[in-house]
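This report concerns salt bridges and their surroundings. Please view the sequence and the structure before reading on.

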Amino acid sequence: MKIGFIGAGKVGFSLGRYFVGNGLEVSGYYCRNVQSSAEAAKFTGTKFYDNVAELVKDSDVIFIVVPDGAITENYYAIRELGIGGKQICHCSGALSAAEAFPDIRKYGAEGCSVHPLFPISSKYDSHRELKNAFFCIEGDEAAAAEWKGILDKMGNHTRLISGSAKSEYHAACAVSSNLVCALAAESLSLMGKCGFSEKEALSALEPLILSNIRRVLAVGPVEALTGPVERNDVMTVRRHLECIEAGADREMYRAVSRKLVELAQKKHPDSDYTEMRRLLK
């Protein structure tokens with residue numbers, strides 16, 4: 001199996017290097033930015049292509065690793081080049097293989113989505129941590145099963161999911177990753193009003209954040225829950241609302257706290273959270 005990459009950004013760099021490091025054969029890279037594809041090829045010890053047709057010809061599997069909105073456009077550009085018998089893959093968490101690659105079976109190829117649950121933030125460093133990534137895979141049955149087997153052998157944890165569940169799946173990833181950044185930003189803003197610089201606030205909050213997330217991962221969010229909502233401390237939550245600027249920030253606090261009330265009620269089924277719910281409405 002020879003794997004070619006269309007696109008040479010952080011995902012392409014990282015997956016290519018990770019695959020090569022685990023004994024898979026990577027044919028090389030094609031990208032509209034010639035310098036990027038040459039750089040990726042050098043980084044992975046593979047070939048730089050200035051013609052996409054040559055990459056398609058030399059590859060059994062083609063990973064289209066471009067922004068989500070450009071995946072199908074790139075698929076359309078290669079499907080007339082002779083993709084019969086090949087696998088066409090993408091790494092989007094939001095798009096299913098069927099959405100990204102319309103009518104792929106008509107062209108004799110198979111489509112597959114191979115998504116790492118991992119924040120690939122560096123072209124040059126993230127590949128070192130991909131061994132810890134969980135991969136969710138969906139698409140044509142044979143291709144999905146093959147990639148599950150490959151990644152399992154590489155030591156990654158994997159799961160096959162349905163293409164119809166991709167929106168829920170990606171929303172779950174965003175809540176656990178991206179939305180946490182918004183909560184952290186609000187926390188830093190409030191600490192700033194107490195006289196902390198951002199660096200000082202991050203240092204002060206680090207033990208709290210790490211201890212809490214470890215607890216969530218160990219026992220789940222219900223058992224890990226602490227704080228004024230869980231204690232049904234209406235006065236403290238009211239004071240929080242009063243000190244948070246009206247508008248989006250206050251509504252964010254209300255919305256997240258309403259979810260916490262649901263968790264608190266599960267943890268303390270005999271407690272009456274009526275007044276808390278009324279405050280947060």
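Which side chain meets that of glutamate 262 in a salt bridge? The partner is lysine 259, with an N to O distance of 3.3 Å. The model discussed here is predicted.

A search of the whole structure finds 10 salt bridges. Among them are the three listed below.

| Salt bridge | N to O distance |
|---|---|
| glutamate 262 and lysine 259 | 3.3 Å |
| lysine 148 and aspartate 152 | 3.0 Å |
| lysine 166 and glutamate 138 | 3.7 Å |

**Pairs within a helix**

Glutamate 262 and lysine 259 belong to helix 12 (residues 248-267); because they are 3 residues apart there, about one helical turn separates them. Glutamate 262 has a relative accessibility of 42%, so this residue counts as partly exposed.

Helix 6 (residues 141-153) holds both lysine 148 and aspartate 152, which are 4 residues apart, about one turn of the helix. Lysine 148 counts as partly exposed because its relative accessibility is 24%, and aspartate 152 is also partly exposed because its value is 35%. Both values fall between the cut-offs of 20% for buried and 50% for exposed.

**A pair between distant parts of the chain**

The salt bridge of lysine 166 and glutamate 138 has an N to O distance of 3.7 Å. This pair links distant parts of the chain, with the two positions 28 residues apart in numbering: lysine 166 lies in helix 7 (residues 166-176), and glutamate 138 lies in strand 7 (residues 134-139). Are these two residues buried or exposed? Both lysine 166 and glutamate 138 are buried.

Methods: Residues are numbered from 1 along each chain as its sequence is written. This is a predicted model: local features need pLDDT of at least 70, side-chain atom pairs count only at pLDDT 80 or more; totals for chains, interfaces and linings use all residues. Side-chain values use heavy atoms; hydrogens and water are left out. A salt bridge is a side-chain nitrogen of Lys or Arg within 4 Å of a carboxyl oxygen of Asp or Glu. Buried means under 20% relative accessible area, exposed over 50%, partly exposed in between (1.4 Å probe, protein chains only).
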